[in-house]
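Subject: The model we talked about, with notes

Hi,

Here is the structure I promised to pass on. Please have a look at it first, and then read my notes underneath.

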Amino acid sequence: QEKEREQAAVQLQLDEAAAASIDGDAVGERAAAAADEQSLRSALECMDEIEEQISGFQLAFFLDYDGTLTPIVENPSEAKLSEEARSVVRALSYRFPTAIVSGRARATAQGLMQLDGLYYAGSHGFDILGPDGSNYKMAESFRPSLEEAKVKLEEQLAHIAGALVEDNNFSVSAHYRMVAEEEREAVNEAVERIVAEMPMLRRTYGKMVYELRPSAEWDKGKAVEWLIENWIKRSCELPVFPIYIGDDVTDEDAFRVMGGLGGFGIIVSDFPRLITDTAASYALRSPLEVLHFLDHFAFSSPSAPPSERISALVAGGSAAESESEASPFVERRTPAERYSER
């Protein structure tokens with residue numbers, strides 16, 4: 001319950017930050033100046049610093065999907081990955097271990113990415129698949145309870161226009177982004193009733209979504225720790241330096257373990273200067289900025305290991321193409337240069 005209260009508080013701060021930024025008068029000059037002093041720095045403006053940090057290490061990337069690789073949309077089924085983003089992530093995975101860590105069902109995340117060679121941690125890390133087909137499932141015994149919760153949610157939300165129930169295999173989501181303001185409390189109450197009836201499940205919070213998960217002590221952070229310790233380390237000669245990028249409250253679980261793992265987290269937010277309660281070390285403003293950041297490592301980072309495969313394997317490329325030409329970004333400016341021209 002304490003963890004649920006923390007997640008609710010962080011989500012409230014994210015919602016208030018968005019609302020304050022919409023209202024141009026909500027943040028006075030003095031408050032804005034104070035926020036600037038405390039705000040997270042852009043990862044794109046700190047590339048030299050980041051390159052120094054990762055020197056001598058094996059990079060590993062852990063990426064959320066919704067709101068990180070794709071913009072948040074009203075209907076989750078419409079969150080489609082662009083071909084440009086797919087090309088960058090594909091190239092990134094040829095150089096570094098790369099994982100998709102999503103609240104979506106693992107099979108759904110795979111279907112959205114359409115990329116082999118990645119690690120997939122679906123249902124907030126409860127269902128993990130390796131590039132070689134190895135599979136690890138946490139709390140599989142909870143599936144019958146989750147199926148029952150899904151049926152109950154669908155029944156109780158059937159009369160609420162815009163409410164969506166999503167089966168993520170090891171979690172069930174109740175989306176209320178498209179629900180009228182006056183009816184959103186009814187969604188909350190329905191989820192509360194089910195949690196009260198089914199103590200083997202717990203409620204967590206996300207962007208315009210409530211989620212029912214197994215009450216097991218497991219989350220995105222623990223999944224990342226497990227992935228590194230059990231699979232990724234074994235294939236790396238150098239110490240692993242993890243970088244986790246995400247936009248949601250559930251990603252804070254991963255941000256909090258990054259320091260102990262020797263890496264850092266990057267939060268994706270339209271309003272990073274208004275976010276103070278995060279364990280992330282840097283910020284990016286949008287999925288497009290995430291793409292620019294990843295592009296640097298996929299195609300031009302001096303820290304990247306030699307990769308003769310990359311030119312031949314990037315979609316549409318040939319063995320004769322250079323890494324620069326393989327990038328979906330025609331102009332080979334640094335991320336900091338692109339950011340400064342925004």
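Below is what I found, starting with the sheet and moving on to the aromatic residues. Please keep in mind that this is a predicted model.

The sheet

Eight strands make up an open sheet with mixed pairing, and their order is β5-β4-β3-β2-β1-β10-β11-β12. At the edges are β5 (135–137) and β12 (282–284), each of which pairs on one side only. From one strand to the next, the twist averages 20 degrees.

If you would like a place to start, try strand β1 (residues 58–63): β1 and β10 run parallel and are joined by six bridges. Along that pairing, Gln58 stands opposite Val240 in β10.

Two helices are worth a look against the sheet. Helix α3 (residues 47–54) lies across β1, β10, β11 (264–268) and β12, and runs at about 130 degrees to β12. Helix α9 also packs on the sheet, where it touches β10 and β11. The direction of α9 makes about 160 degrees with that of β10.

The aromatic residues

In total, the model has 13 aromatic pairs. One of them is Trp226 with Trp231, an edge-to-face pair with 4.9 Å from centre to centre and 75 degrees between the planes. Buried here means under 20% relative accessible area, so Trp226 at 17% counts as buried, and so does Trp231 at 18%.

Tyr244 and Phe255 are another pair to show on screen. Their ring centres are 5.7 Å apart and their planes lie at 85 degrees, so this pair is edge-to-face. What does the pair link? It connects distant parts of the chain, with Tyr244 in strand β10 (residues 240–246) and Phe255 in helix α9 (residues 252–261), 11 residues apart. Tyr244 is buried, with a relative accessible area of 0%, and Phe255 is buried too, at 2%. This ties in with the sheet, since the helix that carries Phe255 is the one described above as touching β10 and β11.

Trp226 and Trp231 also belong to a wider group: together with Tyr119, Tyr136 and Trp218 they form one aromatic cluster. Tyr136 falls within the range of edge strand β5 (135–137), so you can find this member of the cluster from the sheet.

Finally, there is a charge to look at: the charged end of Arg203 sits over the ring of Tyr210, 5.0 Å from its centre.

Happy browsing, and do write back with any thoughts!

Best wishes

Technical notes. Residues are numbered from 1 along each chain as its sequence is written. This is a predicted model: local features need pLDDT of at least 70, side-chain atom pairs count only at pLDDT 80 or more; totals for chains, interfaces and linings use all residues. Side-chain values use heavy atoms; hydrogens and water are left out. Rings of Phe, Tyr and Trp (its six-membered ring) pair if their centres lie within 6.5 Å; planes under 30 degrees apart count as stacked, over 60 as edge-to-face and the rest as tilted. Buried means under 20% relative accessible area, exposed over 50%, partly exposed in between (1.4 Å probe, protein chains only). Helices (H or I, at least four residues) and strands (E, at least two) are DSSP runs, numbered from the N terminus. A charge sits over a ring if NZ of Lys or CZ of Arg is within 6 Å of the ring centre and within 35 degrees of the ring normal. Two strands pair if DSSP finds at least two bridges between them. Axes are lines fitted to C-alpha atoms, for helices over the stretch in contact, and angles run from 0 to 180 degrees between N-to-C directions. Contact means heavy atoms within 4.5 Å.
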